[in-house]
Amino acid sequence: MPVRETEAIILRTYPFQEADKIVSFLSRGEGRTRGIAPNARRSVKRFGASLEPLSHVRMRYQEQPSRELVRVESCELLESFFDIQSNYEVAVGSSYVAEVCEQLLPEREANDAFFRLVLLVMSEFRRGGEIWRPLTYFDLWAIKLAGFLPPLDECIRCRTALEAGQTAWFHPQWDGLLCRDCRGEEAWTLSPESRKLAHTMSSAALPSVPDKGWSRSRGEDLRRFLGQQMERHLERKLVTRRQLDTLS
């Protein structure tokens, strides 16, 4: 079988047999893929630091007939984000990005826009040293690129328009926003400021979204809404989302 070469982002690795590692990676050319890195646990020289989570690499791998896992032949490190993950918040945020990629993206389906989104978010982690603005942007665009971002300007139940400056509501049992009349009990609010932020982020590049005045509280209701939409679609809870909730 021919050897393929592609840019990739390492999502995670775990031990396999005595000396190998299984590598989950996001390939620019073929989407989320899994492979075996032979002897990666025993020999540091072969792969070096290129298999660290969220590393941007140039990977060469070979398809293996009748096997789901490819064989990773080599990895050339293009950019490492290992150093910034000594910051605990950044480490949790990075793990969240990796988990969303693993759970949300189908195997072997190329998605260049999602690949560029991950690199953009990791670069912003490094540039600004804070995670909440990049993660809010990531959540919005991850759902948008996956094709299930609900309308932000109308009630999902009665289709009433939600005007700018108007509070909206959301609930885990509904796939979108609700108006006052349809909100029911135990609904969360989405502030007009957060709805405006969502519109801004959906039509702007991340570097152009002002980075001043950000803390965990800003856009927290928007991230909760987007997280609920994601978990409803996945039909499972994201472990790292709970870890993000514990950050002060």
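Which residues does Glu73 touch, not counting residues up to four places away in sequence? Select Glu73 in this predicted model; the residue is found in strand 5, which covers residues 70-79. Display Arg46, Phe47, Arg60, Tyr61 and Gln62 as well, for these are the residues that Glu73 touches. Then select Thr160, which is 87 residues from Glu73 along the chain. The C-alpha atoms of Glu73 and Thr160 are separated by 55 Å.

**Helix 2**

Proceed to residues 88-104, which form helix 2. Begin at the N-terminal end, where Asn87 caps the helix. A side-chain oxygen of Asn87 lies 2.9 Å from the backbone nitrogen of Glu89. Next, consider the length of helix 2: at 1.5 Å a residue, its 17 residues should span 24 Å. The C-alpha atoms at the two ends are 24 Å apart, so the model agrees with the expected span. Showing the surface of the surrounding residues is useful here, since helix 2 is mostly covered, with 13 of its 17 residues buried.

**Helix 2 against helix 4**

Add helix 4, residues 132-146, to the selection. Two packed helices are described by the angle between their axes and the distance between the axes. Helix 2 and helix 4 pack at about 5 degrees, and their axes are 11 Å apart. Angles under 35 degrees count as roughly parallel, and the two helices are therefore roughly parallel to each other. To view the contact from the side of helix 2, select Glu89, Gly93, Tyr96, Val97, Val100 and Leu104. From the side of helix 4, select Trp132, Leu135, Phe138, Asp139, Ala142 and Ala146. Colouring by class shows nine nonpolar residues, one polar residue and two charged residues in this contact.

**Helix 6**

Now select residues 220-234, which make up helix 6. Its 15 residues should span 21 Å at 1.5 Å a residue, and the end C-alpha atoms are 21 Å apart, which agrees. Is helix 6 largely enclosed or largely open? Eleven of its 15 residues are buried, so helix 6 is largely enclosed by the rest of the structure. Among the buried residues are Leu222, Phe225, Leu226, Met230 and Leu234. The elements that cover the buried residues of helix 6 include helix 2 and helix 4, together with strand 6, strand 7, helix 5 and helix 7. Just after helix 6, select Glu235, whose phi is positive, near 60 degrees.

**Gln228 and His171**

Return to helix 6 and select Gln228. At 11% relative accessibility, Gln228 counts as buried, because the cut-off for that class is under 20%. Beyond residues up to four places away in sequence, Gln228 touches Phe170, His171, Pro172, Trp188 and Arg241. Select His171 next, in the loop between strand 6 and strand 7. His171 is buried too, with a relative accessible area of 13%. Leaving aside neighbours within four places in sequence, the contacts of His171 are Leu178, Glu185, Glu186, Ala187 and Gln228.

**Pro207**

The last stop is Pro207, in the loop between helix 5 and helix 6. Is Pro207 buried or exposed? Its relative accessible area is 51%, so Pro207 is exposed, as the cut-off for that class is over 50%. Not counting residues up to four places away in sequence, Pro207 touches Leu120, Glu124 and Arg133. Finally, select Val121: Pro207 and Val121 are 86 residues apart in sequence, and their C-alpha atoms are 9.7 Å apart in space.

Terms used:
Residues are numbered from 1 along each chain as its sequence is written. This is a predicted model: local features need pLDDT of at least 70, side-chain atom pairs count only at pLDDT 80 or more; totals for chains, interfaces and linings use all residues. Side-chain values use heavy atoms; hydrogens and water are left out. Helices (H or I, at least four residues) and strands (E, at least two) are DSSP runs, numbered from the N terminus. The expected span of a helix is 1.5 Å times one less than its number of residues. Buried means under 20% relative accessible area, exposed over 50%, partly exposed in between (1.4 Å probe, protein chains only). A polar contact is a pair of N or O atoms within 3.5 Å; within protein, one must be able to donate a hydrogen and the other to accept it, and residues adjacent in sequence count only if both atoms are side-chain atoms. Axes are lines fitted to C-alpha atoms, for helices over the stretch in contact, and angles run from 0 to 180 degrees between N-to-C directions. Angles under 35 degrees count as roughly parallel, over 145 as roughly antiparallel, 65 to 115 as roughly perpendicular and the rest as oblique. Contact means heavy atoms within 4.5 Å. Ala, Val, Leu, Ile, Met, Phe, Trp, Tyr, Cys and Pro count as nonpolar, Asp, Glu, Lys and Arg as charged, and the others, Gly among them, as polar.
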